[in-house]
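Visitor: I would like a close look at one part of this model, namely its interior. Please take it slowly and keep to the residues themselves.

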Amino acid sequence: MTMSKIIDILNNSNTPFASFELVPPLKGSDVHQLYASIEPLMELAPPFINITCHRDEIEFHDNGDGTFTKFTLAKRPSTLAITAAIMKKFDVEIVPHVICGGASKAKIESELLDLNFMGIDNVVALRGDAIAGQRYFMPEPDGFAHSSELVEMISNLNHGTYLDPTVKSGISTDFCIGVAGYPEKHFEAANLETDIKHLKEKVEAGAHYIITQMFFDNQKFYDFEKACRQAGITVPIIPGLKPLSVARQIEMLPRAFHLDIPQDLVAEISKAKTRQEAYEAGIAWCVAQSRDLLAHGVPAIHYYTMGKADNVKKIVKTVF
């Protein structure tokens with residue numbers, strides 16, 4: 001398989017394209033479940049597929065005597081395992097997510113060097129979310145508090161600079177770095193202006209392109225894009241979309257992702273009499289969003305599949 005940098009794909013593509021993001025299956029699942037979620041998307045010839053990363057979770061088990069035992073559990077296969085499995089089966093560029101949460105700087109560096117050893121040249125650098133029981137994100141004692149710090153470390157590796165100062169002749173990695181942007185601002189940011197300031201810090205640290213969080217109102221993306229350009233951010237910005245698939249997502253997604261659902265979409269989903277009607281309404285809205293974004297001139301559209309590809313496949317076949 002020929003390896004390609006995402007920034008090169010963006011810069012050299014004559015037409016817009018669709019890319020996809022997958023959530024790895026839960027621990028204990030057969031690898032064929034992963035393959036089954038990817039195979040329908042391969043018919044669409046995506047130039048790359050992103051793979052999300054999930055930090056270990058903390059659970060406390062009741063011992064029955066008033067005491068509790070703390071367990072650290074990995075709920076999904078590792079990023080390295082998922083990446084290797086996909087590379088073995090499919091001829092597509094894989095972009096693993098690398099997160100700050102739940103890991104020391106040294107552990108993250110080791111993971112990045114393992115990815116480099118595997119021939120992976122593309123990553124998305126993210127801070128990650130708070131774990132259950134934490135109101136806000138808490139870094140590890142020897143970890144990163146902000147994704148800009150992670151981007152800086154990856155950039156340092158690209159220049160042959162390691163955390164360990166005794167490494168004098170280490171190889172220089174060649175990672176292309178993607179980062180996240182939030183058209184409706186990150187929920188922890190004081191305001192959108194502050195959030196874009198932090199985004200610019202990630203770009204200045206070495207990020208090559210931006211993929212946005214999902215949104216359902218294109219005007220919010222256009223306003224965000226304009227504000228980024230006015231702030232001096234010049235790297236490509238890829239809008240991220242997810243079609244609504246069930247009516248309850250009208251309430252779930254705003255809580256989980258801190259975004260707004262336009263009233264027109266709420267009305268369309270609410271008047272659906274069956275699950276299938278709600279599903280089709282979600283597809284229709286995403287098709288309209290996609291067409292409007294392409295008319296606006298976006299370089300690509302990134303679709304969040306959440307492990308279910310049928311609706312996204314229908315949207316991409318309709319739009320591209």
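Visitor: Which residues have the most contacts inside the largest nonpolar core, and how many residues does that core have?

Guide: This is a predicted model. Its largest nonpolar core has 63 residues, and those with the most contacts inside it are I86, L112, L150 and Y303. Helix 5 supplies the largest share of this core, 5 residues. Apart from this core lies another one, of 30 residues, with I7, I211, I238 and A278 among them.

Three of the four residues with the most contacts can be followed outward, beginning with L150. Neighbours within four places in sequence left aside, L150 is in contact with V98, I99, C100, I108, A125, L126 and F144.

Helix 5 (residues 147–158) also holds S155. This serine is buried because its relative accessible area is 12%, which is under the 20% limit. Again without the neighbours within four places in sequence, the contacts of S155 are I177, A205 and G206.

I86 leads to helix 3 (residues 79–89), whose buried residues are T79, I82, T83, A85 and I86. These residues are on the same side of helix 3 because they cover an arc of only 165° around its axis. An α-helix has 3.6 residues a turn, so residues three or four places apart point the same way. The buried residues of helix 3 pack against two helices and two strands: helix 2 (31–42), helix 4 (105–117), strand 2 (48–51) and strand 5 (93–99).

The strands come next. A barrel is closed by 8 strands in the order 1-2-5-6-7-8-9-10, with parallel pairing. On average, and with direction ignored, neighbouring strands of this sheet are turned by 30° against each other. Helix 2 packs on the sheet and touches strand 1 and strand 2, and its direction makes about 175° with that of strand 1.

Strand 2 is a useful place to stop. Strand 1 (residues 17–22) and strand 2 run parallel and are joined by 3 bridges. E21 has N50 of strand 2 as its bridge partner, and L22 has I51 of strand 2. Strand 2 also pairs with strand 5, in the parallel sense, over 4 bridges. Here the bridge partner of I49 is I94 in strand 5.

In a regular strand the side chains alternate between the two faces of the sheet. In strand 2, F48 and N50 point one way while I49 and I51 point the other way, and all are buried.

Ahead of strand 2, in the loop between helix 2 and strand 2, is A45. Its phi is near 50°, a positive value in a residue other than glycine. A45 is exposed because its relative accessible area is 59%, over the 50% limit.

The last of the three, Y303, leads to the other part of the barrel order. In strand 10, Y303 is the bridge partner of L241. Strand 9 and strand 10 (residues 300–304) run parallel and are joined by 2 bridges.

Strand 9 (residues 237–241) is largely enclosed by the rest of the structure, because 5 of its 5 residues are buried. I237, P239 and L241 point one way from strand 9, I238 and G240 point the other way, and all are buried. I238 is also one of the residues of the core of 30 residues.

Strand 8 (residues 209–214) is joined to strand 9 by 3 bridges, and the two run parallel. I210 has I237 of strand 9 as its bridge partner. Between these two strands the chain passes through helix 7 (residues 218–230), in a right-handed β-α-β crossover.

Another loop residue deserves a mention. H258 lies in the loop between helix 8 (249–257) and helix 9 (263–270). Its phi is near 55°, again a positive value in a residue other than glycine. With a relative accessible area of 37%, H258 is partly exposed.

To return to the question, the residues with the most contacts inside the core of 63 residues are I86, L112, L150 and Y303. Of these, I86 is one of the buried residues of helix 3, and Y303 is the bridge partner of L241.

Key
Residues are numbered from 1 along each chain as its sequence is written. This is a predicted model: local features need pLDDT of at least 70, side-chain atom pairs count only at pLDDT 80 or more; totals for chains, interfaces and linings use all residues. Side-chain values use heavy atoms; hydrogens and water are left out. Buried means under 20% relative accessible area, exposed over 50%, partly exposed in between (1.4 Å probe, protein chains only). The arc is that of the directions from the helix axis to the C-beta atoms. Contact means heavy atoms within 4.5 Å. Two strands pair if DSSP finds at least two bridges between them. A crossover is right-handed if, with the strands pointing away from the viewer, the path from the first strand over the helix to the second runs clockwise. Axes are lines fitted to C-alpha atoms, for helices over the stretch in contact, and angles run from 0 to 180 degrees between N-to-C directions. A nonpolar core is a set of buried Ala, Val, Leu, Ile, Met, Phe, Trp, Tyr and Cys residues joined through side-chain atoms within 4.5 Å.
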